Amino acid sequence: MFGYSMADIGNIVVMQGFSGLSMFTVLLLMALGLAIIFGQMGVINMAHGEFMTIGAYTTVMLSKVAATYGFTNYYFLFAILIAFGLAFAVGYVVEYGMIRHLYKRPLDTLLATWGLSLVMQQIFRSTFGAKEVSAELPEWMLGSFKPTPDIDIPINGVFVMALAALVTLGVYMFMYKSRWGLRVRATVQNRTMAGAVGINTAKVDRVTFALGCGIAGIAGAAFTTIASTGPTTGTLYIVDSFMVVVFGGAASIVGTIASAFGIAQAQSILQFFMTSSMGKVSTLLAIVTILMMKPEGLFASKLRK
C-alpha cells in the first residue's frame, strides 16, 4: 500500500498518531475554553483564537526575558500561569465592556467578536511584528525517548499532554464539584430562578467568559512547544475548535475530549497519505455526515428550557 510494507505503515500510524496527540492537546485546551463560553453561555466568540495568541506571545516574551537573565529552565511553568492570568484579565474586560450587552443576540455577538479578533490581530502585528516568533524551550523539554528503535516520542509532546489532562481535570472539578460551578450550571439552566435565589448571574457570566479565555491562554502557552507564533496564529485553530465543540456536543466535557481526539487523529493520519487540504476536507465531510444523523453531537447535554 502506497509503496510501504505493513511494518512501515504500522510505524507511520503510530508516529502520526502521536503527532495527532500534540494537535489534540492544543485543540482540547482551545475547545475546553470554547465549550465553556459557547456551550455554557451560548456566546459565539470569534476572537477566541486571539486569546490563545495572547498566551503564546506571553510565553515567547517570557522566554526572551528568561534567556537574558539565565533562568530558561524554570520560566515555562510560570509562563503558563501568567498566560492564563493575562488572557483571563483581558477576557474579563471584554465581557464587561462588550459581551454583556450582546447576550441573546448571537448574530451581533458573532460580528462584534469577529471585529474584535481583527483589532487584536492588528495590535499583535503592531506590537510584535508580522513575522512569526518562537519560544526558547527549557532543556528538560528538549529531545525524545524511543520506546522502540523506529519510534521517537518528543518529550515536549508528553509534557503538553500532561498539561492538557491536568487542565481538563481542573475544569471538571470547577464545573461539577465546586460551588461556583453549581452557580454556573444553575444560571445556564434557569437564569431567572438562579437570580431569584441570590446568585449574581452577571458576575457568573463575567467570570465564566474570562475563565474560557484564560484556558485559551494556556492553549497558547502549549502551542509554543510545537510551532511558532504569529499575529494570525489563533485563526488557524478557531474553526477546528468550533468543530470540536459542536461535534462533541455543546456543554459536554466528555464530548469535547472525544471530539478533539477523533478530529486531531483523523487529520494527522489522513494528511500523511494525502495532501493537508484533502485530509481536512475528508475529516470535515465525515463530521458533517455524522452530524446529519446526530445533530445534537456525540454527547448531548439536556438543559432545561
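How much area does the protein chain expose, and what share of it do carbon and sulfur atoms supply? The exposed area is about 14700 Å², and carbon and sulfur atoms supply 69% of it. The model is predicted.

**Figure 1. Overall view of the protein chain, with its 11 helices and two strands.** From the N terminus on, the order of elements is α-α-α-α-β-β-α-α-α-α-α-α-α. The chain has 305 residues, of which 46% count as buried. Contacts between residues at least 6 apart in sequence were examined for their separation along the chain: 76% of them join residues at least 24 apart.

**Figure 2. Close-up of the crossing between helix α9 and helix α10.** Two packed helices are described by the angle between their axes and the distance between the axes. Here α9 spans residues 235-248 and α10 spans residues 253-273. Their axes come within 8 Å and cross at roughly 130°. At that angle α9 is oblique to α10, because an angle counts as roughly antiparallel over 145 degrees and as roughly perpendicular from 65 to 115. The crossing of α9 past α10 is right-handed.

**Figure 3. Residues at the contact of α9 with α10.** On the α9 side the residues are Asp-240, Met-243, Val-244, Phe-247 and Gly-248. They meet Gly-255, Thr-256, Ser-259, Ala-260, Ile-263 and Gln-267 of α10. By type, the residues of this contact divide into five nonpolar, five polar and one charged.

**Figure 4. Close-up of Ala-260 in helix α10.** Is Ala-260 buried or exposed? Ala-260 has a relative accessible area of 0%, so this residue is buried. Not counting residues up to four places away in sequence, Ala-260 touches Phe-24, Leu-27, Leu-28 and Val-244. Val-244 is one of the α9 residues at the contact with α10. The view also includes Ser-241, which lies 19 residues from Ala-260 in sequence, with 8.1 Å from C-alpha to C-alpha.

**Figure 5. Close-up of Glu-95 in helix α3.** Helix α3 covers residues 75-97. The relative accessibility of Glu-95 is 1%, and therefore Glu-95 counts as buried, the cut-off being under 20%. Which residues are in contact with Glu-95, leaving aside its neighbours within four places in sequence? They are Arg-100, Tyr-103, Asp-205, Arg-206 and Phe-209.

Definitions and conventions
Residues numbered from 1 in each chain as written. Predicted model: local features only at pLDDT ≥ 70, side-chain atom pairs only at ≥ 80, totals over all residues. Heavy atoms only, no water. Helix = DSSP H or I, 4+ residues; strand = E, 2+ residues; numbered from the N terminus. Buried < 20%, exposed > 50% of the residue type's maximum accessible area, 1.4 Å probe, protein only. Contact = heavy atoms within 4.5 Å. Areas by Shrake-Rupley, 256 points an atom, 1.4 Å probe, with all protein chains shown as cover. Axes fitted to C-alpha atoms, helices over the stretch in contact; angles between N-to-C directions. Parallel < 35°, antiparallel > 145°, perpendicular 65-115°, else oblique. Left-handed = near helix turned anticlockwise from the far one by under 90°. Nonpolar A, V, L, I, M, F, W, Y, C, P; charged D, E, K, R; others polar.
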